[in-house]
Amino acid sequence: MSHIQWRKSSYSADAPDNACVELAHAPDASILLRESEEPHTVITTTPAALRALTHAVKAGRFDHLPH
């Protein structure tokens with residue numbers, strides 16, 4: 001995946017050791033996600049699924065998950 005251009009979150013600037021989530025567009029229009037500390041582990045999703053996850057996170061639906 002060396003031809004993929006990864007984008008780092010603007011919120012990651014203050015993260016220790018530059019640990020952050022990175023996103024990229026795949027040639028087939030899917031979205032790729034990875035953790036900068038584990039660059040070879042990539043999750044592939046659709047724009048709609050990522051949008052739903054983002055809305056759920058912003059709405060606090062994951063704030064009180066059991067440990």
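Which residue in S3 is the bridge partner of histidine 25? It is isoleucine 31. The notes below place that pair in the rest of the chain.

1. **Status and overall make-up.** This is a predicted model. The chain has 67 residues, and 25% of them are buried. Its secondary structure comes to 1 helix and 4 strands. Along the sequence the order is β-β-β-β-α. The accessible surface is about 5600 Å², with 56% of that area on carbon and sulfur atoms.

2. **Contact range.** Take the contacts between residues at least 6 apart in sequence. Of these, 12% join residues at least 24 apart.

3. **Sheet layout.** The 4 strands make an open sheet, ordered S1-S2-S3-S4, with antiparallel pairing. S1 and S4 (38–45) are the edge strands; each has a single partner strand, so one side of each lacks a neighbour in the sheet. As background, strands of a sheet pair through backbone hydrogen bonds, parallel or antiparallel.

4. **S1 against S2.** Strand S1 covers residues 7–8 and runs antiparallel to S2, joined by 2 bridges. Arginine 7 stands opposite leucine 23 of S2. Lysine 8 stands opposite glutamate 22 of S2.

5. **S2 against S3.** S2 and S3 (residues 31–35) are antiparallel and share 5 bridges. Two of the partnerships can be named. Histidine 25 is matched with isoleucine 31 in S3, and glutamate 22 is matched with arginine 34 in S3. The hairpin of these strands has 5 residues between them. Within that hairpin, alanine 29 takes a positive phi near 80 degrees. A colleague checking backbone torsions will want to find that residue in the model.6. **S3 against S4.** These strands also pair in the antiparallel sense, over 5 bridges. The hairpin joining S3 to S4 passes through 2 residues. Glutamate 35 has glutamate 38 in S4 as its bridge partner.

7. **The two faces of S2.** S2 spans residues 21–25. Its covered face holds Glu22 and Ala24. The uncovered face holds Val21, Leu23 and His25. S3 is mostly covered, with 4 of its 5 residues buried.

8. **The salt bridge.** The structure holds 1 salt bridge. It links arginine 34 to glutamate 22, and the closest N and O atoms are 2.6 Å apart. Arginine 34 belongs to strand S3 and glutamate 22 to strand S2, so the pair ties together parts 12 residues apart in sequence. Both arginine 34 and glutamate 22 are buried. The two are also bridge partners between the strands. Glutamate 22 further stands opposite lysine 8.

9. **Valine 21.** This residue sits in strand S2, on the uncovered face. Is valine 21 buried or partly exposed? Its relative accessible area is 43%, so valine 21 counts as partly exposed. Leaving out residues up to four places away in sequence, valine 21 touches Arg7, Lys8, Ser9, Ser12, Leu33, Arg34 and Glu35. That list includes Arg34, a member of the salt bridge. Valine 21 and serine 10 are 11 residues apart along the chain, and their C-alpha atoms are separated by 9.9 Å.

10. **Nonpolar core.** The largest nonpolar core has 5 residues: Ile4, Trp6, Ala24, Ala26 and Leu32. Ala24 in this set is on the covered face of S2. Isoleucine 4 touches Ala24, His25, Pro27 and Leu32, again leaving out residues up to four places away in sequence. Ala24 and Leu32 are fellow members of the core.

11. **Nonpolar surface patch.** Which residues form a nonpolar patch on the surface? They are Leu53, Val57, Phe62 and Leu65, with about 360 Å² of accessible area together. Leucine 53 lies in helix H1, residues 47–58. At 42% relative accessibility, leucine 53 is classed as partly exposed, because buried would need under 20% and exposed over 50%.

12. **Picture in brief.** The chain is an antiparallel sheet of 4 strands with 1 helix, and the helix comes last in the pattern. S2 pairs with S1 and with S3. The salt bridge joins S2 and S3 through glutamate 22 and arginine 34. A nonpolar patch that includes Leu53 lies on the surface.

Methods. Residues are numbered from 1 along each chain as its sequence is written. This is a predicted model: local features need pLDDT of at least 70, side-chain atom pairs count only at pLDDT 80 or more; totals for chains, interfaces and linings use all residues. Side-chain values use heavy atoms; hydrogens and water are left out. A nonpolar core is a set of buried Ala, Val, Leu, Ile, Met, Phe, Trp, Tyr and Cys residues joined through side-chain atoms within 4.5 Å. Buried means under 20% relative accessible area, exposed over 50%, partly exposed in between (1.4 Å probe, protein chains only). Contact means heavy atoms within 4.5 Å. Accessible areas come from the Shrake-Rupley method with a 1.4 Å probe; for residues, only the protein chains shown count as cover. Two strands pair if DSSP finds at least two bridges between them. Patches are made of residues with over 30% relative accessible area and no salt bridge: like charges are joined within 9 Å, nonpolar side chains (Val, Leu, Ile, Met, Phe, Trp, Tyr) within 5 Å. A salt bridge is a side-chain nitrogen of Lys or Arg within 4 Å of a carboxyl oxygen of Asp or Glu.
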